[in-house]
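This briefing is meant to be read with the sequence and the structure side by side. It begins with a single residue and then moves through its surroundings to a few helices and loops.

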Amino acid sequence: MTMLRTWFLLLVIIFSNGLFADNNQLLEKLDSAIVNRAQFMAEKENRISRLKKNLGATEDIAERLEIIDQLYDEYRVYCFDSMVTYAKMGLRQAQEYNDLHYIQLFTIHRAEVLAIGGLYSEAVANLGMLDMQSMDRQMSFKYYMTRRKLYSCWSQDSQDTLSAGLYRREALDNLQTAMIYLDKNNPFYDYYQGEYHVYVEPDSMKARRHFQDVLWRAAPDSRVYAMASYALADNYLNVDKDEQMYEEHLIRAGLADVRSCTMEAMAMQKLAIWLLEKDDSEVERAERYINVAMEDAIFYNNRLRIKEIAQELPQVMAAYQTMYGKQNRWLIFSVIFFLLLTVVLLSYTYYIYRRSRRLTSRQKTQDKNSPQLANLNRQLVDSQQLQLRLNGQLQELNQRLADQGKRYERLTRIYIDLCIKYKGISSPRISEDDAATFLTRFDKTFLELYPSFVDEFNALLRPGEQLPQKSPDTLTTELRTFALIRLGVKNTADIAGLLFLSNQTIYNCRSVTRNKAVNKETFNDDVMHLCST
């Protein structure tokens, strides 16, 4: 029976692979799901609201603790801050009523929260307060899986290679121990078995069969479906070098993440990077996906995910810059061609007009010129109509140039937002060399995007108050400050963080420069409209 089920499963998978050999259908489903994200989030919020209502309506402590645990689970991959709130609430109430089961459960939840927040030593200390002898099998499994997650996060966040290796080993040891307590009735049973055969006893085909079993049983909009799809994507790429299946399962994982409102996920950003590497024509879709990944990470407030996206977004920016460079060169060439054509047409129109005037003056005495005059008038009308069409095409080309500039500018703002988040997380560890490199790259990139910014900015200042550049590719602190304002970063603290300066320094810089403006009242708005052509 087991063998029959396995063969049937393989046939279904092969058949489904044939159906989706072209992943465009899946990509369209993912695009549609992204458009409907608000609806999925509304359904999620409704479930949470019902749980909160039930929590407020009951006085039974056991029921309250169960609902708090359900709320924690709802927020677990949705909103980190709320996850923290219900972990604390549950632990406090469990301790108040001396409920051992829930004291253990919420202590484990609290350790998970600390690990996600980057407080690894505190998480270890939290788990160290628990008495392992008093735990049942299910609780022991949760305990060791939380330790596994803790050390996995710690290894990813560690900048010391030796420590990172030790933490990875500790994570694997805890995964191995956890499997002793894994119950077959656990809805994640096959997924964890797959993980075991990826990391502890490597066997790629066994791992694949377990992950495929998850897809066979789980709902396509469930968290476990997303996790198994993501794991299968890596499996197909690493084992078979099957890029088609890798892409398919990344899409499936991203689709399940969107439908299940999983904000703590990797599939979308991996898919964005994959599409960029695969095909230049997918840059717009990749931008959309990286935007979703960034928005989700910020919504969830996951420090590790924000760092990862901040590190990968420059690759998206570079791809955009390359694509737009090619397109802009073509568009600019087209504009120049149409401008030259318009000049020629205007010259020809003027020539026809002059001839028409001369013939008109002779019409009274030379009736024989009437047919020639009519022909010239027709040519004049035709040339005017052609000029109108050329003007329309010029306007369309100019609009396309402007639209591309706005989209690239929007992506630049996203990158700046991520830099603010990333620096808020890791600023104590940024070296002077890293800071100098960031500022140099910022200056160069900004001036490539807005080559006339310095001249246009100085035009807003009174004569004799202009701000000079140190070199053609370098901005001063004052110019950098207003360059960031031009990009939409208006908060003084955000600007200070990006430029590695104090809030007071940036405040003084803005105030002093504004006092040099020709028009102080509209100065900030004027800056926002610089380089708008």
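Lysine 44 has a relative accessible area of 5%, so this residue is counted as buried, the cut-off for that word being under 20%. The model in which this value was computed is a predicted one. Across the protein, which has 533 residues, 46% count as buried, and the secondary structure comes to 23 helices and zero strands. Among the contacts with a separation of 6 or more, 66% join residues that are 24 or more positions apart.

**Around lysine 44**

- Lysine 44 is part of helix α3, and, once its neighbours within four places in sequence are left aside, its contacts are Glu74, Tyr78, Ser260 and Cys261.
- Although lysine 44 and arginine 259 are 215 residues apart along the chain, their C-alpha atoms are separated by 9.7 Å.

**Helix α4**

- Helix α4 covers residues 61–75, and because each residue should add 1.5 Å, its 15 residues are expected to span 21 Å, which agrees with the 21 Å between its end C-alpha atoms.
- The buried residues of α4 are Arg64, Leu65, Ile67, Ile68, Leu71, Tyr72, Glu74 and Tyr75, and Glu74 is also one of the residues in contact with lysine 44.
- These buried residues pack against four helices, namely α3 (37–57), α5 (80–96), α6 (100–116) and α15 (283–300).

**The pair α12 and α13**

- Helix α12 (residues 223–240) and helix α13 (residues 243–259) have axes that come within 8 Å of each other and cross at roughly 165°.
- Because an angle over 145 degrees counts as roughly antiparallel, α12 is described as roughly antiparallel to α13, and the crossing in which α12 passes α13 is left-handed.
- On the α12 side the contact includes Arg223, Tyr225, Ala226, Ser229 and Tyr230, together with Leu232, Ala233, Asp234, Tyr236 and Leu237.
- On the α13 side these residues meet Glu243, Met245, Tyr246, His249 and Leu250, along with Arg252, Ala253, Ala256 and Asp257.
- Sorted by class, the residues of the contact of α12 with α13 are twelve nonpolar, two polar and five charged.

**Arginine 223**

- Arginine 223, which is placed in helix α12, has a relative accessibility of 25% and therefore counts as partly exposed.
- Not counting residues up to four places away in sequence, arginine 223 touches Val77, Asp257, Ser260, Thr262 and Glu264.
- Arginine 223 and cysteine 261 are 38 residues apart in sequence, while the distance from C-alpha to C-alpha is 8.8 Å.

**Two loop residues with positive phi**

- As background for this topic, most residues other than glycine have a negative phi.
- Lysine 241, in the loop between α12 and α13, is not a glycine and yet has a positive phi, with a value near 55°.
- Cysteine 261, in the loop between α13 and α14 (267–278), also has a positive phi, of about 55°, although it is not a glycine.
- Which of the words buried and exposed applies to lysine 241, and which to cysteine 261? Lysine 241 is exposed, because its relative accessible area is 61%, whereas cysteine 261 counts as buried, because its relative accessibility is 3%.
- Cysteine 261 has already appeared in this briefing as one of the residues in contact with lysine 44.

**Threonine 513 and the pair α20 and α22**

- Threonine 513 is found in helix α22, which is formed by residues 503–515, and because its relative accessibility is 1%, this threonine counts as buried.
- The residues that threonine 513 touches, not counting those up to four places away in sequence, are Phe457, Leu461, Leu467, Glu478, Phe482 and Phe523.
- Helix α20 (residues 477–486) packs with α22 at an angle of about 90°, and the two axes are 10 Å apart, which means that α20 is roughly perpendicular to α22.
- In this contact, α20 supplies Thr477, Glu478, Thr481, Phe482 and Ile485, while α22 supplies Ile506, Cys509, Arg510 and Thr513.
- By class, the contact of α20 with α22 consists of four nonpolar, three polar and two charged residues.

Terms used: Residues are numbered from 1 along each chain as its sequence is written. This is a predicted model: local features need pLDDT of at least 70, side-chain atom pairs count only at pLDDT 80 or more; totals for chains, interfaces and linings use all residues. Side-chain values use heavy atoms; hydrogens and water are left out. Axes are lines fitted to C-alpha atoms, for helices over the stretch in contact, and angles run from 0 to 180 degrees between N-to-C directions. Angles under 35 degrees count as roughly parallel, over 145 as roughly antiparallel, 65 to 115 as roughly perpendicular and the rest as oblique. A crossing is left-handed if the near helix is turned anticlockwise from the far one by less than a right angle, and right-handed if clockwise. Contact means heavy atoms within 4.5 Å. Ala, Val, Leu, Ile, Met, Phe, Trp, Tyr, Cys and Pro count as nonpolar, Asp, Glu, Lys and Arg as charged, and the others, Gly among them, as polar. The expected span of a helix is 1.5 Å times one less than its number of residues. Buried means under 20% relative accessible area, exposed over 50%, partly exposed in between (1.4 Å probe, protein chains only).
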